[in-house]
Amino acid sequence: MADTNQQARTVSGTSSKMDISSLILLAVLLAAGFILNFTLGNALAIVGIKPQFIIAAYSLAILLSDAKPGQAFVYGLISAAVIQLTTSIPGLNFFTEGVSSVLMAFLVGKQIGGEKANPFVATFCTTLVSGALFAVCGTLIMGAALPTVVVKVPLVLGTAVFNAVVVAALTPALRKVLKR
């Protein structure tokens, strides 16, 4: 006889747990983000904006799954693993996305000042931190002078605004569809 009491399956860690549906959501969003990076992202790069749909994807996943900082860190590391296929500096994204994903969790989880940041602000800050860390660390790794980071500021700001708009626009519809 089949058991009619169904519960969400969970993957347990030492201090947090993620349900399978949240991991599937992340996987679907990362797949979409990866495809969009290769197509629309490369097309928009011509005009000086290089959207990072992977950052938008994990930001959405954190937002929609109410991921805690530890879970968000795992999302960031999984996202960084996907980014390794296209990054200009292999390995650096594990740091930048790890830090940025935890920031996203803090911003949307009432962890800072007891207020949730709206999706636009949270994603803007998350993308800005990721881009700034990548620009500064990447510049140092490549042996360039730190002042050359200034050249990357418009690109990082444009990417942050673009990602924030994408996440803010998709959040209400995805919440409705996913009933979250």
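**A loop residue, a pocket and a surface patch**

Let me begin with Asp 66, which lies in the loop between helix H2 (53-65) and helix H3 (69-83), where helices are DSSP runs of H or I with at least four residues, numbered from the N terminus. I should say early that this is a predicted model, in which local features need pLDDT of at least 70 and side-chain atom pairs count only at pLDDT 80 or more, while totals for chains, interfaces and linings use all residues. Residues are numbered from 1 along each chain as its sequence is written, and side-chain values use heavy atoms, with hydrogens and water left out.

Asp 66 has a positive phi of about 50° although it is not a glycine, and with a relative accessible area of 43% Asp 66 is partly exposed, a term for values between buried, under 20%, and exposed, over 50%, with a 1.4 Å probe and protein chains only.

Turning to the surface, Phe 120, Val 121, Val 161 and Val 165 make a nonpolar patch of about 290 Å²; such a patch joins nonpolar side chains (Val, Leu, Ile, Met, Phe, Trp, Tyr) within 5 Å, from residues with over 30% relative accessible area and no salt bridge, that is, no side-chain nitrogen of Lys or Arg within 4 Å of a carboxyl oxygen of Asp or Glu. Accessible areas come from the Shrake-Rupley method with a 1.4 Å probe, and for residues only the protein chains shown count as cover. H5 and H6 each supply at least two residues of this patch, and Phe 120, placed in helix H5, is partly exposed, with a relative accessible area of 33%.

How values were computed: Patch = residues over 30% accessible without salt bridge, like charges linked within 9 Å, V, L, I, M, F, W, Y side chains within 5 Å.
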